[in-house]
Protein chains: 4
Amino acid sequence: MSAREGEPVALAYFAKGYQSFVLKYTTVTDDPTATIDVPMKETTDSITYLREHATELNLQKNKICLVGFSGGGHLAAAVSTHGAVRPDALILGYPGIVHNDLRAMDCPDICESVDEATPETFMFGMNRDSVTPPQHMLSFAKALDEKQIQFEMHMFKGVGHGLSLGTSLTSSGFAEDVKPRYAKWFDMSIEWLKETFGDFKLYGVNDGRDTKYNIDRNLKVLFSDEKAKELCLNKMPVLAEFLSETQMVEMTPRKINGFMKTISFDELMELDRKLCEI
Amino acid sequence: MSAREGEPVALAYFAKGYQSFVLKYTTVTDDPTATIDVPMKETTDSITYLREHATELNLQKNKICLVGFSGGGHLAAAVSTHGAVRPDALILGYPGIVHNDLRAMDCPDICESVDEATPETFMFGMNRDSVTPPQHMLSFAKALDEKQIQFEMHMFKGVGHGLSLGTSLTSSGFAEDVKPRYAKWFDMSIEWLKETFGDFKLYGVNDGRDTKYNIDRNLKVLFSDEKAKELCLNKMPVLAEFLSETQMVEMTPRKINGFMKTISFDELMELDRKLCEI
Amino acid sequence: MSAREGEPVALAYFAKGYQSFVLKYTTVTDDPTATIDVPMKETTDSITYLREHATELNLQKNKICLVGFSGGGHLAAAVSTHGAVRPDALILGYPGIVHNDLRAMDCPDICESVDEATPETFMFGMNRDSVTPPQHMLSFAKALDEKQIQFEMHMFKGVGHGLSLGTSLTSSGFAEDVKPRYAKWFDMSIEWLKETFGDFKLYGVNDGRDTKYNIDRNLKVLFSDEKAKELCLNKMPVLAEFLSETQMVEMTPRKINGFMKTISFDELMELDRKLCEI
Amino acid sequence: MSAREGEPVALAYFAKGYQSFVLKYTTVTDDPTATIDVPMKETTDSITYLREHATELNLQKNKICLVGFSGGGHLAAAVSTHGAVRPDALILGYPGIVHNDLRAMDCPDICESVDEATPETFMFGMNRDSVTPPQHMLSFAKALDEKQIQFEMHMFKGVGHGLSLGTSLTSSGFAEDVKPRYAKWFDMSIEWLKETFGDFKLYGVNDGRDTKYNIDRNLKVLFSDEKAKELCLNKMPVLAEFLSETQMVEMTPRKINGFMKTISFDELMELDRKLCEI
């Protein structure tokens with residue numbers, strides 16, 4: 001079952017712009033003598049590796065989200081609640097949480113382990129899942145809420161376990177594992193991630209410069225102010241060539257300089273500073 | 001707050017094809033001496049009225065869904081769990097469930113009252129709702145699950161109570177009550193209703209006649225079988241005029257007879273019987 | 001066919017917050033001697049009626065959108081391009097546009113009539129519509145573009161005419177008229193309407209007061225500025241009671257005063273003016 | 001501009017289950033003396049390569065879709081209308097089509113070249129695109145329609161060229177290139193691809209065996225027929241262990257044998273044949 005919850009899910013997040021990594025951790029199938037400590041260490045070591053190599057991997061070390069399904073959800077929840085190293089967000093698909101219902105390795109109780117360092121969590125699954133019935137997610141949600149950890153939960157009506165993305169792609173050909181309603185969890189998890197981690201950088205929006213005027217405002221806005229217009233045209237006379245209504249709405253100094261290259265980056269930054277000060 | 005949860009929501013369901021009725025029930029504000037019995041009787045009387053007048057109101061008496069928000073969600077849940085008359089489905093928006101957190105009228109405990117006659121339930125709300133925090137929905141979900149009543153739950157991250165549809169329409173102008181992610185609950189509730197009650201009647205799909213050939217199969221399908229083709233053309237020679245690929249895919253005997261009226265309804269039904277028997 | 005394109009569509013828009021009216025206009029079926037002038041006058045009279053009664057009907061006289069399907073789309077396009085009175089926006093479902101393909105009443109050519117007073121248009125239909133094939137919409141789009149009138153067009157793959165909303169509700173039971181992909185036109189038309197007419201009023205967002213501080217900013221924002229905080233607490237001491245993180249994010253002075261009523265509307269407006277001036 | 005239309009788009013399709021390849025073709029920037037023949041040959045050679053290596057690349061040789069944006073859309077349309085080798089479907093984002101508006105290499109007129117071998121096409125863009133205005137797509141749509149080639153077109157209101165997916169991911173940080181409405185083109189293109197090429201294989205749905213009984217029907221269906229039940233239990237006695245309502249709805253003989261392995265693949269196929277014959 002697990003192949004459908006590894007690469008296909010990692011690719012889905014990668015296509016949305018998130019650096020994605022698949023961890024193949026040790027299970028009791030691999031090693032019957034393994035304790036929970038083994039996969040937990042593999043997971044925390046992985047998080048540490050990502051944080052230590054954040055620059056070369058082009059990721060943000062405080063925006064690492066751990067994603068786990070079913071038994072992998074148990075592991076992800078264990079790391080998130082009592083791991084020595086924690087992720088910054090947690091996504092759980094039909095996780096195993098409550099121990100007396102699991103053939104779990106010896107492990108501290110997950111719900112009792114929820115603490116202030118437990119990350120925000122997004123959960124989803126089916127309400128007639130016969131392997132990890134709703135009580136697992138409900139118990140975890142309750143425990144998170146008691147510690148005032150934010151969570152989001154989507155529990156859909158119907159049967160099914162191990163549905164992964166719920167699309168034909170991850171169904172292994174089994175028609176009953178294609179669930180269009182359930183499949184919405186993925187896009188909802190992306191929206192949740194953007195709400196939780198913030199969106200990718202947008203100039204003048206979430207880069208700390210939401211001033212009225214700057215080099216990422218369009219010409220229509222900039223030319224509506226006499227001072228801004230003068231600054232722009234002095235520094236970048238080429239802007240005077242973009243006069244159609246459409247161009248003025250579409251174009252910003254940074255964008256135009258991107259392909260016209262009439263001024264240097266430093267000059268562009270200087271123009272920005274002056275515009276921000278208006 | 002309640003105006004935004006009455007007509008606008010009823011209209012939203014009505015526009016999707018569901019006969020909708022708004023019940024203005026008695027609250028402690030209306031009558032400080034009122035017990036829970038008063039609004040419960042108003043609700044069960046309403047359900048009984050709808051069932052008794054099902055034909056003239058053009059509704060199905062075993063497909064009545066009760067919808068309640070906040071305090072109205074408490075009432076709807078009370079009726080659904082220990083009412084003398086029950087709805088066939090239940091939709092709850094950020095309901096009050098747990099009594100020690102509510103300024104509730106004296107009322108049997110809702111979670112303890114869940115029984116086999118409790119209808120399937122769809123719930124939604126925000127996880128930082130300060131009036132009816134998550135424990136209300138989580139407790140009800142747990143109680144439903146223990147009695148094997150199906151449920152669906154969507155708990156979104158964020159603050160807010162009384163958000164109704166979560167759109168500008170129901171925001172009363174308060175920008176912080178417009179929540180596009182949360183607003184998805186409504187379309188999800190429609191999909192859940194269709195899954196739970198079945199879709200509106202579609203000929204040859206959910207009307208008990210999903211036979212290979214019938215008067216609701218298109219001409220391309222019908223003419224692919226020699227016997228079906230012969231039956232069709234004998235009874236409705238006019239069908240021979242619909243020969244373009246597009247027409248053959250688009251048109252069925254019932255549809256063509258709808259505007260050509262070349263045979264009577266009884267003759268059409270006879271053709272259908274014979275096609276079904278192939 | 002037309003019943004499915006009247007009330008169900010009007011209700012769908014009404015449920016989204018738009019005042020909706022259905023015009024039953026004269027057709028050649030009603031009166032074989034009628035010229036195009038008759039339904040055109042009925043339509044322009046209706047628009048004039050709505051504008052003259054805007055206040056009592058609670059609508060904005062410069063935000064009237066005309067919606068027409070098929071033959072009704074021809075009429076709506078005729079009014080929009082050469083009517084004496086014009087709507088402010090136009091929505092056309094699989095409209096008849098090109099005259100040599102229509103059993104049209106004698107009428108000026110629609111594409112040739114497009115002028116500067118023609119409103120922005122949203123169009124949709126199927127590319128294998130056998131009644132009004134794509135050339136109708138493509139010709140109209142071309143004519144609009146030549147006059148620099150904005151338009152949006154969604155032409156879906158597949159057969160079908162008169163599909164209305166494309167849902168089971170408007171299918172009259174014909175399964176082939178349920179088209180989930182096509183059915184997206186409706187929500188897309190709502191988004192287009194909001195982009196074209198603007199959203200419903202949101203305090204502090206689109207009511208002309210998007211100042212940093214005003215009575216529609218939440219307490220967290222207001223209390224982050226010493227001056228704003230002082231103004232708020234002086235005028236509305238009750239605000240000091242809303243101190244939890246959740247309350248501070250959720251609550252605004254206007255909202256709190258809505259249910260606490262500690263100050264008059266005039267006093268609230270005075271507080272707003274002072275906050276706006278910071 | 002082109003980097004945002006290469007890998008990010010290829011990854012988006014790959015994540016949806018489509019093998020994706022990015023062709024870096026020769027442009028006049030690379031080689032001022034290049035004629036259109038050079039990139040056309042690069043494209044047709046690529047298609048031929050994919051078809052010849054279909055097995056090892058795990059793709060279907062008659063389901064190759066060519067995707068092009070802007071100038072790349074011109075190339076893709078050129079190959080699709082007068083190339084020696086053609087793709088099986090075509091997706092065009094704001095393509096250059098009409099030559100007198102393009103700084104195009106010498107090339108046969110695309111609209112005049114549309115023929116019966118031109119593949120079905122999906123197109124999208126903005127109606128105020130200042131680089132490839134609407135006439136490009138409208139002309140191509142008209143030409144396709146005249147040759148009865150199916151097409152789908154989504155033209156959104158607003159300015160913008162080179163928007164790629166229209167998300168923050170492909171915006172290069174330019175906020176005005178994030179267009180949530182426009183961004184729907186991608187999911188709509190996936191739905192179109194599934195409609196055009198068919199969905200990925202689902203047992204018993206689109207694998208040529210949509211018989212009432214087969215090894216991909218759930219136990220509830222199979223056990224409702226005496227003969228089917230007997231065949232199943234004789235061949236796979238283990239099925240008798242899956243008796244809960246949930247299991248019976250969720251489980252099929254193929255699925256159960258997938259993890260129980262009580263019979264061989266040949267025995268499973270024999271059971272299937274017998275069930276299909278009922």
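A polar contact is a pair of N or O atoms within 3.5 Å, where, within protein, one atom must be able to donate a hydrogen and the other to accept it. In the predicted model analysed here, such a contact, at 3.3 Å, links the side chain of Asn127(D) to that of Gln150(C). The side chain of Asn127(D) also places a polar atom 3.3 Å from the backbone oxygen of Phe151(C). Asn127(D) belongs to strand β3 of chain D, which spans residues 120-128. With a relative accessible area of 2%, Asn127(D) is buried. Leaving aside residues up to four places away in sequence, its surroundings draw on two chains: Asn127(D) touches Asp145(C), Ile149(C), Gln150(C) and Phe151(C), together with Pro134(D), Met155(D), Phe156(D), Lys157(D) and Gly158(D).

The nonpolar interior was examined next. The largest nonpolar core holds 53 residues, and the members that touch the most others are Phe140(A), Met153(A), Met123(B), Phe140(B) and Met153(B). For Phe140(A), the residues touched, again excluding those up to four places away in sequence, include Ala77(A), Leu90(A), Leu92(A), Ile97(A), Ile110(A), Val114(A) and Met123(A), as well as Thr81(A), Cys111(A) and Thr121(A). A second core, separate from this one, comprises 52 residues, among them Ile110(C), Leu66(D), Ala76(D) and Ile149(D). In soluble globular proteins, nonpolar side chains tend to be buried together.

The contact between chain B and chain C buries about 3000 Å², with carbon and sulfur atoms giving 66% of that area. Four salt bridges are found across the interface of chain B and chain C; one of the salt bridges joins the side chains of Lys255(B) and Glu176(C), with an N to O distance of 3.4 Å. Across the interface of chain B and chain C there are also 16 residue pairs in polar contact, both residues being at pLDDT 80 or more. On the side of chain B that touches chain C, at least two residues each are supplied by α1 (7-15), α7 (184-197), α10 (245-250) and α11 (253-260). The largest share of this side, four residues, comes from α1(B).

Finally, the arrangement of chains A and D was considered. Chain A is superposed on chain D by a rotation of 180° with 0.0 Å of shift along the axis, at an RMSD of 0.0 Å. The two copies are therefore related as by a two-fold rotation axis. Within chain A, Ala15(A) has the C-alpha nearest this axis, at 3.2 Å. Because 100% of the interface residues of chain A are also interface residues in chain D, the copies meet through the same surface.

Technical notes:
Residues are numbered from 1 along each chain as its sequence is written. Chains are lettered from A and ligands numbered from 1 in the order in which they are written. This is a predicted model: local features need pLDDT of at least 70, side-chain atom pairs count only at pLDDT 80 or more; totals for chains, interfaces and linings use all residues. Side-chain values use heavy atoms; hydrogens and water are left out. Copies are superposed by least squares on the C-alpha atoms of residues with pLDDT of at least 70 in both. Contact means heavy atoms within 4.5 Å. A nonpolar core is a set of buried Ala, Val, Leu, Ile, Met, Phe, Trp, Tyr and Cys residues joined through side-chain atoms within 4.5 Å. Buried means under 20% relative accessible area, exposed over 50%, partly exposed in between (1.4 Å probe, protein chains only). Buried area is the accessible area (1.4 Å probe) that two parts lose on being put together, summed over both.
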